[in-house]
Amino acid sequence: MRGTRRTRLCLAGVLAASTLIATPAARAAERTDGHLTDLVNPFIGSQNEGNTFPGAAVPFGMVQLSPDTGHNTGYDYTQNRVRGFSLVHLSGVGCRIGGDLPVLPTTGEVTQTDYATYAAGFSHTDEEASPGYYRVGLDSGIRAELTATKRTGVQRFTFPATDKANVLLNAAQSLHKAAGSTVEILDDHTVRTEITGHGFCRDTGPYTVYTITRFSRPFTAYGTWDGATVTPGARTGGGGAYVRFDATEDRTVEATTALSYVDARGAAVNLRAEGGRSFDAVRDGAREQWERRLATVRVEGGDPTLRRTFYSSLYRSFLAPNIGSDADGRYTGWDRRIHRAERFTYYQNWSLWDTYRTQAQLLALLAPREARDMALSVVKVDEDGGWLPKWGYGPVETNTMSGDPVTPFLTTAYQMGLLKGFEERAYRALRKNADGVPPAGYPGVGREANAEYIAHGFAPYDKSHPLAKMGDSDYHHGASVTLEYALADAVLAQMARGLGHTDDAARYAARAQSYRTVFDPSTGFFRARDASGAFTGSADPARGIGFHEGTAWQYQWLVPQDLPGMIGLIGGDRAANDRLDSFFAYDRLLADPEKTAREVWVHGDAYDYYNADKYNPMNEPDLIAPYTYLSTGQPWKTTDVVHAALTLFTDGPTGMTGNDDLGTMSAWNVLSSIGLFPIQPGYDTWGLSTPVFDRVDLTLNRRFWPGGRLTVTAPGTSATDRYVQTVHTDGTPHAPTYLTTDALRSTRTLAFTVGPRPSEWGTSPQAAPPVLR
């Protein structure tokens, strides 16, 4: 394979100048000195279904305190009424979840209990946000400010002069489907709530959040409500509560709300541990945390827009997963019992179908201590609840999405050295997951189609298969599920071999070839098969069935464990490159990269996944596709495609590509901008492409990365000079188009030289990434 040499280099003409990379003369600032938080715009992705939130959080915090405007995931930049500032949000999810305890300041009598009715108007001209801080002026004349610690949200309200300054705490209304709530006025400073909900894309098992809110000064009056009935002076209720202050002289009120997924005691523990500080002190502390986190990456070069989009993506990459344990270490496990995390922090919220492809690797690189605890938390999900998660929210399974994403997530942690001392515990959980299905009484579906896959080599497509449990069914997406299972088996085989389980390794490696069973030679594409083994659905690969949020065109490259084998199926390097060129509309891309990205690749809204034969940069199945050229002898085309895709990230509210999915798309931006990308998710292979900055300095945790630093350089990189000429690692020429994690761990400098035309670098067969056998 890869026998086609670089005979067509003249085709790879120069991309038109774009906002992606500044020309040398246009580089406005050469270093990222000063406050990196000033480069972050939390409003990016808050329009056109990016589903991000602009509110206040600290890295991986349990609390994400943000305004809700009526959009199903919280905040929509096109809307101009705030229903409340609530405690829980997930960055970039596409389904309704969180929004617990929306709080809103008002004036006058309290007569309405529906937050859609009492919502306050606002204007973006009187609104601002930065990491750890949010402020808005409401049409009522009240100024609201938000900040946060790990487990508390702090609000400051500045009222116009009035003796009826109210704060409404709505326990009964959330973004999710509320199942029950209670509210209690404990004393003249304190309100406690208990909120039970279930939801996400579909109903899940119930979960409960507990809150306690402490105000900075005593209230002069209070009341509660049930339904539409407000009862002044009542201390308990099922719907919500209001508290009132005299703001005729002292017009400011601060409130600190602690959250727990364990019990009311946990909320009180968190309040004692993290409360008691002024709003300004908490805001300054949150900003300092973000400065330290962002400072792990410092860039030189690039124009201001590029730097803002980059650091905003880096910020969003650190928002999740979220702390799930209280300050005393207790957490609610998936068995609904209380456990205690010993010598680690327990995390929750697992968008694994998304994050296993990019964000897991970025966190392993830049936040390995937290990434280790996240991996241990996933293992604890199995040990507490009986099975590994698929898409977990809080202490419950949602079964959202399909395949086996937890395996590459955990094998990434293993390959990155994060599971030392816990390797066998993680492997036992993965082997159980890979070889079976959860029992009927367990809420998760695991590898739902595993019996057929193991017996016949493919997951059958059966749209009529009944949903045995809530969520998605693997049987409804048999073609893509087969590819996902096969990828999971390939990386599990590598972990098994590394741990000395040679028989298991051989068995999983053989199963990793199952992608071949859904290849239809008559069409030259992957295709769904029914329970009898017959190919089914349209023969048109753009309109086939059985692919989850994509088409056969988009899933054809999801064989990173064996790209040579897949390329052989479709006819070799020449055929693969022709198909890749068609997929990326490469000729049009060379003529106008931004227009091609926006008008050819993005052919609909964020949820328009089907009936397409082109690259979809807005969704996860295609994230590694641009790097396929590294295996076909044309690595310069990876740079062309990646840099065009990066133009879709901008510094305004519409500047996201689809849902961010808990940092997945943001991590893609960060890694691709640096020039290092995990092209075999779940293993240890990092593909190389031209960085978009002259220099990137990564500060790494010495416990996991002994050198403590990696510097990536590409002097003069620009829209016109973007092609790799040479690569050197610590001054030594580097011919392959990839680095392994071990090589990366021992490398201090990764130096690219760039030029205006493609070179011979990376074009030999020996330069291609490895096959996982």
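Good morning. I begin with the largest pocket, which holds about 310 Å³ of space. Its lining comprises 23 residues, and Cys95, Cys201, Thr400, Met401 and Glu549 come closest to the centre. By type, the lining of this pocket divides into 11 nonpolar, six polar and six charged residues. Please keep in mind throughout that the model is predicted.

One of those central residues deserves a second look. Met401 sits in the loop between β25 (396-397) and α8. Its phi is positive, about 75 degrees, although Met401 is not a glycine. For context, most residues other than glycine have a negative phi. Is Met401 buried or exposed? Met401 counts as buried because its relative accessibility is 8%, and the limit for that label is under 20%.

Asn349 offers a second case of a positive phi in a residue that is not a glycine, here about 80 degrees. Asn349 is placed in the loop between β22 (347-348) and β23 (350-351). With a relative accessible area of 4%, Asn349 is buried. A further backbone feature is the cis peptide bond from Ala320 to Pro321, with omega near -5 degrees. Pro321 belongs to the loop between α4 (304-317) and β19 (322-323). Most peptide bonds, by contrast, are trans.

Let me move on to helix α8, which spans residues 406-415 and includes Thr412. Thr412 is buried, because its relative accessibility is 2%. Beyond its neighbours within four places in sequence, Thr412 is in contact with Ala360, Gln361, Pro681 and Gly682. In the loop between α8 and α9 (423-435) we find Gly417. Gly417 has 19% relative accessibility and therefore counts as buried. Which residues does Gly417 touch, not counting those up to four places away in sequence? They are Phe704 and Arg745. In addition, the C-alpha atoms of Gly417 and Asp742 are separated by 9.8 Å, although these residues are 325 apart along the chain.

I turn now to the interior. In soluble globular proteins, nonpolar side chains tend to be buried together. Here the largest nonpolar core has 221 residues, of which Phe85, Phe215, Trp601 and Trp668 touch the most other members. Helix α11 (residues 478-498) gives this core its largest share, 11 residues. Apart from that core lies another, of five residues, including Tyr210, Ile212, Ala267 and Leu271. As for Trp668, its contacts beyond four places in sequence include Thr358, Tyr615, Leu623, Tyr627 and Phe677.

Ala267 and Leu271 bring us to helix α2 (residues 264-274), where Gly266, Val269, Asn270 and Glu274 are also among the buried residues. Their cover includes the strands β8 (152-158), β12 (207-215), β17 (252-260) and β20 (330-332). At the start of α2, a side-chain oxygen of Asp263 comes to within 3.3 Å of the backbone nitrogen of Arg265. After the helix comes Gly276, with a positive phi near 90 degrees.

Finally, the enclosed spaces. How many cavities of 30 Å³ or more does a search of the whole structure find? The search finds 13. The largest cavity has a volume of about 120 Å³. Of its 14 lining residues, Pro560, Leu563, Tyr627, Ser631 and Ile679 are the closest to its centre. Tyr627 has already appeared among the contacts of Trp668. The lining of the largest cavity consists of 10 nonpolar residues, three polar and one charged. Thank you for your attention.

Notes
Residues are numbered from 1 along each chain as its sequence is written. This is a predicted model: local features need pLDDT of at least 70, side-chain atom pairs count only at pLDDT 80 or more; totals for chains, interfaces and linings use all residues. Side-chain values use heavy atoms; hydrogens and water are left out. On a 1 Å grid over the protein atoms alone, a cavity is a set of points where a 1.4 Å probe fits but cannot get out, and a pocket is an open set with protein on both sides within 12 Å along at least five of seven lines; lining residues have an atom within 4 Å of a point. Grid points are joined across faces, edges and corners, and a volume is the space filled by probe spheres set on the points. Ala, Val, Leu, Ile, Met, Phe, Trp, Tyr, Cys and Pro count as nonpolar, Asp, Glu, Lys and Arg as charged, and the others, Gly among them, as polar. Helices (H or I, at least four residues) and strands (E, at least two) are DSSP runs, numbered from the N terminus. Buried means under 20% relative accessible area, exposed over 50%, partly exposed in between (1.4 Å probe, protein chains only). Contact means heavy atoms within 4.5 Å. A nonpolar core is a set of buried Ala, Val, Leu, Ile, Met, Phe, Trp, Tyr and Cys residues joined through side-chain atoms within 4.5 Å. A polar contact is a pair of N or O atoms within 3.5 Å; within protein, one must be able to donate a hydrogen and the other to accept it, and residues adjacent in sequence count only if both atoms are side-chain atoms.
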